[in-house]
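Got your viewer open? Let's take a walk through this one together, one selection at a time.

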Amino acid sequence: MIPGCILRNTIYERRYTISSFVVRRSSFVGCFLFAVLLYGCQCQLHKDNRVLMGTFVEVASADKRAPEIVFAEIRRIEALLSKYKPESEISRLNKTGKIQASPETFYVIKKAKEFWQASGGAFDITVGPLVDLWGFTEKKYRLPDKESIAAALKLVGSDKIILNEENYMIEFKTQGMKVDLGAIAKGYVLDCASAKLKESGIKSCLINLGGQVYALGQKSARPWKMAIRDSRGKGFKKYLELEDKSIATSGDYEQYFIRAGSRYAHILDPKTGYPAESGIVSVTVSAPSGLIADALSTAIFVLGKEKGSVLAKEFPGTKIEDISENNDARQQ
Ligand code: AMP
Ligand code: MG
């Protein structure tokens, strides 16, 4: 059993730089776009960065132990949850359809299933076969035909994940199912990393994990200050003050491809099998938990502004900080 971080909140309880701590929202293989920026005095902060979980991770804290604590925790959880690591529990589950999981992996899948329920199926980690089909896993993008989408859709639905609390068994009901934790794992990592920092007596730290941020405590007796960039990269839209909060952004500019003048982005609608067409270009959510901010921003992106706002209200302490829409969903 892995002695790890399980945060027992219930679902109802989510690149470069250095001098200025610019935060990029995206996998470094995808489209680069700054989403948020740390501004204000950068004095006396120890900063370090790595490429982990396929993205840039940057840590800033007055305590010089903080970056290594955060990086170690990210590596530990990546080894469990990454579908890109062949030995991870998630890879083994996707390969065999059944595993006896660590309590941690079990916990994250259980939370994901709760989000599936709460979002009426908009958030669904079983989109794995669709993510593969559209080429987002390998970054070899393609427009699938209708038959292939219909076949992949038969493998989608978190109701087909069987969880046994007693022995942490996770089992798929249908052969060929695959889970993809890309919309929730980073948030969980942020929660665990901040818990590790607290355990070590570190009260103040800012972690940027590929554009998803956790602000632990305060910076120089004031909340951490962040600026959200415009989703198409022009200037700043909003300024935020964060303290013991996470922010997550889901957008159509992170990973996408253009075919025949239309944009196809990486967040898929589990009902249609196509990239979500809710009209949202980008949504930024703040929450006391990274996991909740992460899952919620993805769910809202699929649901759209109206239904997404109703969903956000179910989670105390969460807020839609910014939302941009474009009614022509396939715009470039
Ligand atoms: P995020 O950037 O947090 O919104 O997560 C997007 C990633 O989650 C995608 O790159 C996919 O790996 C995965 N994903 C895509 N569509 C969904 C969905 N409807 N529900 C859950 N995960 C999804
Ligand atoms: Mg997410």
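How many helices and strands make up the secondary structure of the protein? The count comes to eight helices and 16 strands. Keep in mind as you look around that this is a predicted model. Of the 332 residues in the protein, 49% are buried.

**Stop 1: a three-stranded sheet**

Start by selecting β5 (98–100), β6 (161–164) and β7 (169–172). Together they form an open sheet with the order β5-β7-β6 and antiparallel pairing. β5 and β6 are the edge strands: each has a single partner strand, so one side of each has no neighbour in the sheet. From one strand to the next, the twist averages 10°.

Now zoom in on β6 and β7, an antiparallel pair joined by four bridges. If you'd like a particular pair to click on, try N164, whose bridge partner in β7 is M169.

While you're here, pick Y168, in the loop between β6 and β7. Its phi is near 60°, which is a positive value in a residue that isn't glycine. Is Y168 buried, exposed or partly exposed? It counts as partly exposed, because 19 C-beta neighbours lie inside 10 Å, and a buried residue needs 20 or more.

**Stop 2: the helices lying across that sheet**

Keep the sheet on screen and add helix α2, residues 89–96. This helix lies across β5 and β7, and runs at about 145° to β5. Then add helix α3, residues 103–118, which lies across β6 and β7 at about 130° to β6.

Back to α2 for a closer look. Which residues of α2 are buried? Select E89, I90, L93 and N94. They're on the same side of α2, because the arc they cover around the axis is only 135°. As a rule, an α-helix has 3.6 residues a turn, so residues three or four places apart point the same way. Turn to the other side of α2 and you'll find K95 and T96 exposed.

What do the buried residues of α2 pack against? Show α1 (66–81), β5, α3, α4 (128–133) and β7, and you have their packing partners. Before you leave, click on G97: just after α2, it takes a positive phi of about 80°.

**Stop 3: an enclosed strand**

Next, select strand β12, residues 245–251. All seven of its seven residues are buried, so the strand is largely enclosed by the rest of the structure. In a regular strand, side chains alternate between the two faces of the sheet. Try colouring the two sides of β12 separately: K245, I247, T249 and G251 sit on one side, with S246, A248 and S250 on the other, and all of them are buried. Both faces of β12 are covered, then.

Which strands does β12 pair with? One partner is β9, in the antiparallel sense over three bridges. Here Y214 stands opposite S246 in β12. Another is β15, residues 280–287, where the pairing is also antiparallel and runs over six bridges. For a spot to look at there, I247 has S286 of β15 as its bridge partner.

**Stop 4: out to a loop**

From β9, head to S220, which is found in the loop between β9 (212–216) and β10 (224–229). This residue has a positive phi too, near 50°, and again it isn't a glycine. Is S220 buried or exposed? S220 is exposed, with 12 other C-beta atoms within 10 Å.

**Stop 5: two helices packed together**

Select helix α6 (residues 185–199) and helix α7 (residues 290–303). They pack at an angle of about 165°, with their axes 6 Å apart. That angle makes α6 roughly antiparallel to α7, and their crossing is right-handed. To see where they touch, show K186, G187, Y188, L190 and D191 from α6, along with G290, L291, I292, A293, D294 and A295 from α7.

**Last stop: a glutamate and a glycine**

Finish with E58, in strand β4 (residues 55–61). E58 counts as buried, because it has 25 C-beta neighbours inside 10 Å. Now add G211 and draw a distance between the C-alpha atoms of the two. How far are they separated? The viewer should give you 9.5 Å, although E58 and G211 are 153 residues apart along the chain.

Note on methods
Residues numbered from 1 in each chain as written. Chains lettered and ligands numbered in written order. Predicted model: local features only at pLDDT ≥ 70, side-chain atom pairs only at ≥ 80, totals over all residues. Pairing = 2+ DSSP bridges. Axes fitted to C-alpha atoms, helices over the stretch in contact; angles between N-to-C directions. Contact = placed C-beta atoms within 7 Å. Arc of directions from axis to C-beta. Parallel < 35°, antiparallel > 145°, perpendicular 65-115°, else oblique. Left-handed = near helix turned anticlockwise from the far one by under 90°.
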